[in-house]
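Let's walk through this structure together, one piece at a time. Keep the sequence and the 3D view open as you read.

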Amino acid sequence: MFDLVPFENSAGSIFDTFDRMLNSSFFGGVGMDTVPFRTDIVDEGDRYVLKADLPGFSKEDINISVDGGRLQLSAEHKEESGGDQKNYVRRERRYSAYSRSFDLQGIDAEKISASYRDGVLSLNLPKLIEAKPESRKIEVK
């Protein structure tokens with residue numbers, strides 16, 4: 001019940017400061033706590049598969065666009081409206097927005113496809129097929 005008390009100092013506690021210090025590069029951390037959302041990219045030969053963790057988002061909250069040679073992924077939670085808000089003891093889930101961009105060099109941007117399931121966004125990024133010059137025999141005259 002201690003954590004349900006709504007009289008929390010908004011500046012954070014000494015424990016929050018200590019946690020941030022442990023996660024910083026001062027103690028050998030890689031600073032990944034600042035990444036908006038985690039992604040894995042796997043090379044599957046003819047394509048790359050990008051998987052991004054976006055738990056709690058619906059597919060309507062996710063925006064994927066291609067602009068210039070960049071793939072832009074963004075997700076945005078809007079504040080939930082409706083319902084009786086007088087019953088909240090504590091409310092922290094109001095708004096969040098994340099955005100990352102990736103270089104599309106060597107990717108066939110016209111054939112990118114996406115799916116979203118169980119909080120994981122999966123993108124299929126087909127590689128560009130390199131045009132190989134035709135070989136032919138030249139007759140000597």
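**A walk through the sheet and its surroundings**

Start with β1 and β2, which run antiparallel and are joined by five bridges. Within this pairing, Val42 has Val49 in β2 as its bridge partner. The two strands make a hairpin with three residues between them, and Gly45 in that turn has a positive phi of about 85°. Please bear in mind that you are looking at a predicted model.

Now step back to see the overall plan. The protein has one helix and seven strands, and reading along the sequence gives the pattern α-β-β-β-β-β-β-β. Of its 141 residues, 16% count as buried. The protein exposes about 11800 Å², with carbon and sulfur atoms supplying 51% of that area. Among contacts between residues at least 6 apart in sequence, 51% join residues at least 24 apart.

Where does the hairpin fit? β1 and β2 belong to an open sheet of four strands, in the order β1-β2-β7-β6, with antiparallel pairing. The edges are taken by β1 (39–43) and β6 (113–117); each has a single partner strand, so one side of each is left without a neighbour in the sheet. From one strand to the next, the twist averages 15°. As a reminder, strands of a sheet pair through backbone hydrogen bonds, in either a parallel or an antiparallel way.

At the other end of the strand order, β6 pairs with β7 (residues 120–126) in the antiparallel sense, over five bridges. Here Arg117 has Val120 in β7 as its bridge partner. The loop between β6 and β7 holds Asp118. Which sign does phi take at Asp118? The value is positive, near 50°, in a residue other than glycine. That deserves a second look, because most residues other than glycine have a negative phi. Asp118 also counts as exposed, because its relative accessibility is 71% and the cut-off for exposed is over 50%.

Next, move along β7 to Ser122, which has its place in that strand. Is Ser122 buried or exposed? Ser122 is buried, with a relative accessible area of 18%, and the cut-off for buried is under 20%. Leaving aside neighbours within four places in sequence, Ser122 is in contact with Leu50, Lys51, Ser113, Ala114 and Ser115.

From the sheet, turn to the loop between β2 and β3, where Leu54 lies. Leu54 is buried, with a relative accessible area of 3%. Which residues does Leu54 contact, leaving aside its neighbours within four places in sequence? They are Phe37, Ile62, Ala75, Tyr116, Gly119 and Leu121. One of these, Ala75, is 21 residues from Leu54 in sequence, with a C-alpha to C-alpha distance of 7.9 Å in space.

The loop between β2 (47–53) and β3 (62–67) also holds Phe57, which brings us to the aromatic rings. How many aromatic pairs does a search of the whole structure find? The search finds one. The pair is made by Phe57 and Tyr98, whose ring centres are 5.9 Å apart and whose planes meet at 75°, so the pair is edge-to-face. Tyr98 sits in strand β5 (residues 96–103), 41 residues from Phe57, and the pair thereby links distant parts of the chain. The two partners can be described by their accessibility as well: Phe57 is buried, with a relative accessible area of 8%, whereas Tyr98 is partly exposed, at 32%.

Another ring to find in your viewer is that of Tyr48. The charged end of Lys127 sits over this ring, 4.7 Å from its centre. Lys127 also appears among the contacts of Asp108: not counting residues up to four places away in sequence, Asp108 touches Pro126, Lys127 and Leu128. Asp108 lies in the loop between β5 and β6. With a relative accessibility of 17%, Asp108 counts as buried.

To retrace the route in your viewer, follow the sheet in its order β1-β2-β7-β6, then look for buried Leu54 and for the edge-to-face pair of Phe57 and Tyr98. Finish at Lys127, with its charged end over the ring of Tyr48.

How values were computed
Residues are numbered from 1 along each chain as its sequence is written. This is a predicted model: local features need pLDDT of at least 70, side-chain atom pairs count only at pLDDT 80 or more; totals for chains, interfaces and linings use all residues. Side-chain values use heavy atoms; hydrogens and water are left out. Two strands pair if DSSP finds at least two bridges between them. Axes are lines fitted to C-alpha atoms, for helices over the stretch in contact, and angles run from 0 to 180 degrees between N-to-C directions. Rings of Phe, Tyr and Trp (its six-membered ring) pair if their centres lie within 6.5 Å; planes under 30 degrees apart count as stacked, over 60 as edge-to-face and the rest as tilted. Buried means under 20% relative accessible area, exposed over 50%, partly exposed in between (1.4 Å probe, protein chains only). A charge sits over a ring if NZ of Lys or CZ of Arg is within 6 Å of the ring centre and within 35 degrees of the ring normal. Contact means heavy atoms within 4.5 Å. Accessible areas come from the Shrake-Rupley method with a 1.4 Å probe; for residues, only the protein chains shown count as cover.
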